[in-house]
Amino acid sequence: MPIAPITSTINALTSGKPAAALRPKRVVPDYETGLRLDELLDVHAEAARLDAIAAAHGGNGEKAAARAEVLEVLKELVQTARERTEAMLLDDDGRGILCAQRLSAVQDSLIRLIYNYALDHVFHVQNLSEGERIAIVAVGGYGRAMLAPHSDVDLLFVLPYKQTA
């Protein structure tokens with residue numbers, strides 16, 4: 001697909017909206033039915049935890065110390081979610097597809113947490129300009145909602161313009 005239609009779509013969807021309005025909404029895709037995600041990750045509690053880290057650093061989430069704390073929280077969340085997903089795999093008679101879908105859904109939530117943290121505490125802009133908008137697209141196994149255990153996460157960052165040197 002040529003870049004121009006993607007750019008037009010991004011501009012049409014985001015034009016004139018404040019940054020907070022651009023935050024991804026929590027939509028439960030069909031594949032999440034029956035995944036027991038609430039047992040893997042409490043998104044609201046973890047968002048509050050990240051907000052508290054930024055608040056402890058004067059609301060400035062881009063300070064090195066705040067970023068280090070956020071990174072540790074995210075590592076902990078990934079490890080805990082993987083352990084819980086593995087336990088569920090054994091409980092669910094070894095259904096690997098369900099495990100891969102759970103890992104993908106957890107990764108979706110983690111990326112939303114990171115995006116929202118950056119928007120709220122690092123990139124303090126109320127009305128994003130055209131050049132400051134971004135779309136995050138999952139590709140590969142993760143993009144198909146089939147993230148294998150310990151697999152890498154392939155992301156495509158789509159910007160509404162061509163970057164130059």
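Q: What does buried mean here, and what share of the 165 residues in the protein is buried?
A: Buried means under 20% relative accessible area, exposed means over 50%, and partly exposed lies in between, with a 1.4 Å probe and protein chains only. This is a predicted model, in which local features need pLDDT of at least 70, side-chain atom pairs count only at pLDDT 80 or more, and totals for chains, interfaces and linings use all residues. Residues are numbered from 1 along each chain as its sequence is written, and side-chain values use heavy atoms, leaving out hydrogens and water. Of the 165 residues in the protein, the buried share is 32%.

Q: Which pattern does the protein follow along the sequence?
A: Helices (H or I, at least four residues) and strands (E, at least two) are DSSP runs, numbered from the N terminus. By that rule the protein has five helices and two strands. Read in sequence order, they give α-α-α-α-β-α-β.

Q: Is helix H4 largely enclosed or open, and why?
A: Let's look at its length to begin with: the expected span of a helix is 1.5 Å times one less than its number of residues. For the 27 residues of H4 (residues 96-122) that gives 39 Å, which agrees with the 37 Å between its end C-alpha atoms. Because 20 of those 27 residues are buried, H4 is, with respect to the rest of the structure, largely enclosed.

Q: Which helix gives the most residues to the largest nonpolar core?
A: A nonpolar core is a set of buried Ala, Val, Leu, Ile, Met, Phe, Trp, Tyr and Cys residues joined through side-chain atoms within 4.5 Å. The largest one has 20 residues, and Leu50, Ile53, Val70, Leu77, Leu110 and Tyr117 touch the most other members. Two or more residues come from each of helix H2 (43-56), helix H3 (64-91) and H4. With seven residues, the top contributor is H3.

Q: Which residues does Leu50 contact, leaving aside neighbours within four places in sequence?
A: Contact means heavy atoms within 4.5 Å. With those neighbours set aside, the partners of Leu50 are Val70, Val73, Leu113 and Tyr117.

Q: Is Leu156 buried, partly exposed or exposed?
A: Leu156 sits in strand S2, a strand that covers residues 155-158 and also holds Phe157. Beyond residues up to four places away in sequence, Leu156 touches Ala135, Ile136, Val137 and Val139. Its relative accessibility is 43%, so Leu156 counts as partly exposed.
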